[in-house]
Amino acid sequence: MLHRRDFLLTAAAGVSTMYISGRASAADPAPPFTLPKLPYAFDALEPSIDAETMSIHYSKHHQAYVDNLNKAVLATPELKGKSLDALITNLDAVPEAVRVAVRNNGGGHWNHTFFWDVMASPGKGGQPKGDLLKAIEASFGSVDGMKTAFADAATKRFGSGWAWLVPGKEKPLEIVSSPNQDNPIMDGKAKPILGLDVWEHAYYLKYRNLRAKYIEEWWNVVNWDAVAANFAAAKA
Ligand code: MN3
């Protein structure tokens with residue numbers, strides 16, 4: 001899972017390199033960033049996340065972040081060739097005219113690409129074990145303790161945003177939340193190992209206003225094997 005994401009980021013950087021090296025032209029405006037392939041079918045996360053929500057979330061929302069990021073990047077010569085990570089971890093270097101667009105849409109692209117990879121069909125994502133389980137227990141007492149703290153952060157995030165499980169400084173793992181499409185790497189923190197989208201578009205069709213119910217059901221589709229791979233990569 002992690003390798004796939006790294007490949008996508010690398011591939012995105014490769015495409016933008018092709019753009020500046022002249023393989024694309026105004027008549028063939030190859031955009032630098034592309035929608036990653038969803039690693040499962042739209043209905044794979046049923047019943048926790050319904051197929052219609054997945055379809056709209058991926059095909060419309062994530063696609064819009066990609067398209068709007070490309071618009072901002074292609075309009076700004078000094079940004080061509082920059083990877084997504086380079087763009088969103090150094091927003092001060094992004095010209096002010098497109099900084100908000102890059103923050104929101106670059107963050108949206110990064111966050112959703114990450115989000116799809118930390119979910120799997122119910123029963124297919126394994127359980128926390130090994131080093132990951134030890135880190136969770138050392139940080140939160142138990143897996144249930146972590147889930148309670150995570151759900152609390154996700155529930156209390158006012159408006160639209162995300163909750164994240166990230167490698168910490170005080171403890172092996174910490175929970176943070178971010179507004180809009182911000183994420184921990186924008187703030188210079190470690191790369192998260194798990195994240196949850198709590199924008200209403202992620203749950204409103206099925207759960208209406210019941211964000212807490214969505215969060216509770218979402219644990220059934222967490223891909224713990226992918227989370228463990230993220231954790232191992234963070235420690236490497
Ligand atoms: Mn979303």
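**A hairpin, a sheet and a metal site**

A hairpin joins β1 to β2 through five residues. This is a predicted model, where local features need pLDDT of at least 70 and side-chain atom pairs count only at pLDDT 80 or more, while totals for chains, interfaces and linings use all residues. Residues are numbered from 1 along each chain as its sequence is written, and side-chain values use heavy atoms, with hydrogens and water left out.

Trainee: Over how many bridges do strand β1 and strand β2 pair?

Mentor: Strands here are DSSP runs of E with at least two residues, helices are runs of H or I with at least four, and both are numbered from the N terminus. Two strands pair if DSSP finds at least two bridges between them. β1 covers residues 161-167 and β2 residues 173-179, and their antiparallel pairing has seven bridges.

Trainee: Which residue of β2 does Val-166 stand opposite?

Mentor: Let's follow the pairing from one residue to another. Gly-161 stands opposite Pro-179 in β2. For Val-166, the residue opposite in β2 is Glu-174.

Trainee: Which strands stand at the edges of the sheet?

Mentor: Strands of a sheet pair through backbone hydrogen bonds, either parallel or antiparallel. Here three strands form an open sheet in the order β2-β1-β3, with antiparallel pairing. Each edge strand has a single partner, so one side of it is left without a neighbour in the sheet; these strands are β2 and β3.

Trainee: At roughly what angle do the axes of helix α5 and helix α6 cross?

Mentor: Axes are lines fitted to C-alpha atoms, for helices over the stretch in contact, and angles run from 0 to 180 degrees between N-to-C directions. The axes of α5 (residues 130-140) and α6 (residues 143-156) come within 8 Å, and they cross at roughly 65°.

Trainee: Which residues of α6 make the contact with α5?

Mentor: Contact means heavy atoms within 4.5 Å. On the α5 side we find Leu-133, Ile-136 and Phe-140; on the α6 side, Val-143, Gly-145, Met-146 and Ala-149.

Trainee: Which residues are the protein donors of the manganese ion?

Mentor: Donors are N, O and S atoms within 2.8 Å of the metal (3.2 Å for Na, K and Ca); water is not among the atoms, so sites may look incomplete. The protein donors lie 1.9 to 2.1 Å from the manganese ion: His-57 (NE2), His-112 (NE2), Asp-197 (OD) and His-201 (NE2).
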